[in-house]
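Here's a quick briefing to read alongside the model. Keep the sequence and the 3D view open as you go.

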Amino acid sequence: MTAKTWVTALVVAYVLAACTGCAVYLAHKGHPGAHLEALGVGTSEQHVEHEIGTPSSREPLGAGKRLSTYRVELTKQPNYARATVHLLLDLVSLGIWELPGSIYELSSGHRKGDVEIVYGPDDRVLEIRDYQAIQAQTVSSGGPQTQKEQWEAFWNAVNK
């Protein structure tokens with residue numbers, strides 16, 4: 001084979017591999033998870049199970065109430081800092097970063113979390129406890145103090 005054939009084959013292979021997904025787009029768009037917005041107080045248990053599946057555990061709370069825990073796929077929020085980092089790495093590497101960046105974004109988008117729902121005696125939702133929202137609030141409530149904590153907060157924000 002000639003050098004031109006090798007170069008053409010290499011360019012075609014790279015273009016096909018880079019088209020797996022754009023890392024900048026994937027980080028900017030996020031990843032949808034369980035559709036908890038469709039649920040609310042008063043929603044029937046049957047509708048909840050239709051939206052997010054069967055609970056992983058159930059326990060009675062007394063007075064006819066019960067707590068059901070659901071294992072759901074969490075929403076990966078859009079991360080503009082990570083999208084910017086992918087864009088800069090794409091520009092610096094002349095597009096070579098696109099393949100590893102896309103692989104990283106596609107593989108890191110699926111996290112599971114627990115959502116607890118309290119049902120009343122009539123099998124209707126009384127309360128929804130979304131642990132993803134609780135964790136996000138506790139992380140952002142206290143500002144980092146040391147430089148190490150600032151870097152850890154930045155790293156966690158980029159990998160969120």
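Which residue forms a salt bridge with E45? R58 does, with the closest N and O atoms 3.6 Å apart; a salt bridge here is a side-chain nitrogen of Lys or Arg within 4 Å of a carboxyl oxygen of Asp or Glu. Bear in mind that this is a predicted model, where local features need pLDDT of at least 70, side-chain atom pairs count only at pLDDT 80 or more, and totals for chains, interfaces and linings use all residues. Residues are numbered from 1 along each chain as its sequence is written, and side-chain values use heavy atoms, leaving out hydrogens and water.

**The big picture**
- The chain has seven helices and four strands, which are DSSP runs numbered from the N terminus (helices: H or I, at least four residues; strands: E, at least two).
- Going along the sequence, you'll meet them in the pattern α-α-α-β-β-α-α-β-β-α-α.
- Of the chain's 160 residues, 27% are buried (buried means under 20% relative accessible area, exposed over 50%, partly exposed in between, with a 1.4 Å probe and protein chains only).

**Helix α3**
- E45, V48 and I52 are the ones to look for in α3 (residues 45-52): they're buried.
- Looking down the axis of α3, you'd find its buried residues within an arc of 55°, so they line one face of the helix (the arc is that of the directions from the helix axis to the C-beta atoms).
- Flip to the other side of α3 and you'll see Q46 and H50, which are exposed.
- Right after α3 comes G53, with a positive phi near 95°.

**Strands β1 and β2**
- β1 (residues 57-62) and β2 (residues 65-73) pair in the antiparallel sense over five bridges; strands pair if DSSP finds at least two bridges between them.
- They make a hairpin with two residues between them, and A63 in the turn has a positive phi of about 60°.
- P60 has R66 in β2 as its bridge partner.

**Salt bridges**
- There are five salt bridges in the structure.
- E45 is in helix α3 and R58 is in strand β1, so their pair ties together parts 13 residues apart in sequence.
- R58 also forms a salt bridge with E49, with the closest N and O atoms 2.7 Å apart.
- D114 and R71 form another, at 3.0 Å between the closest N and O atoms.
- That pair links distant parts of the chain, with D114 in strand β3 (residues 112-119) and R71 in strand β2, 43 residues apart.
- Through shared partners, salt bridges join E45, E49, R58, R66 and D123 into one network.
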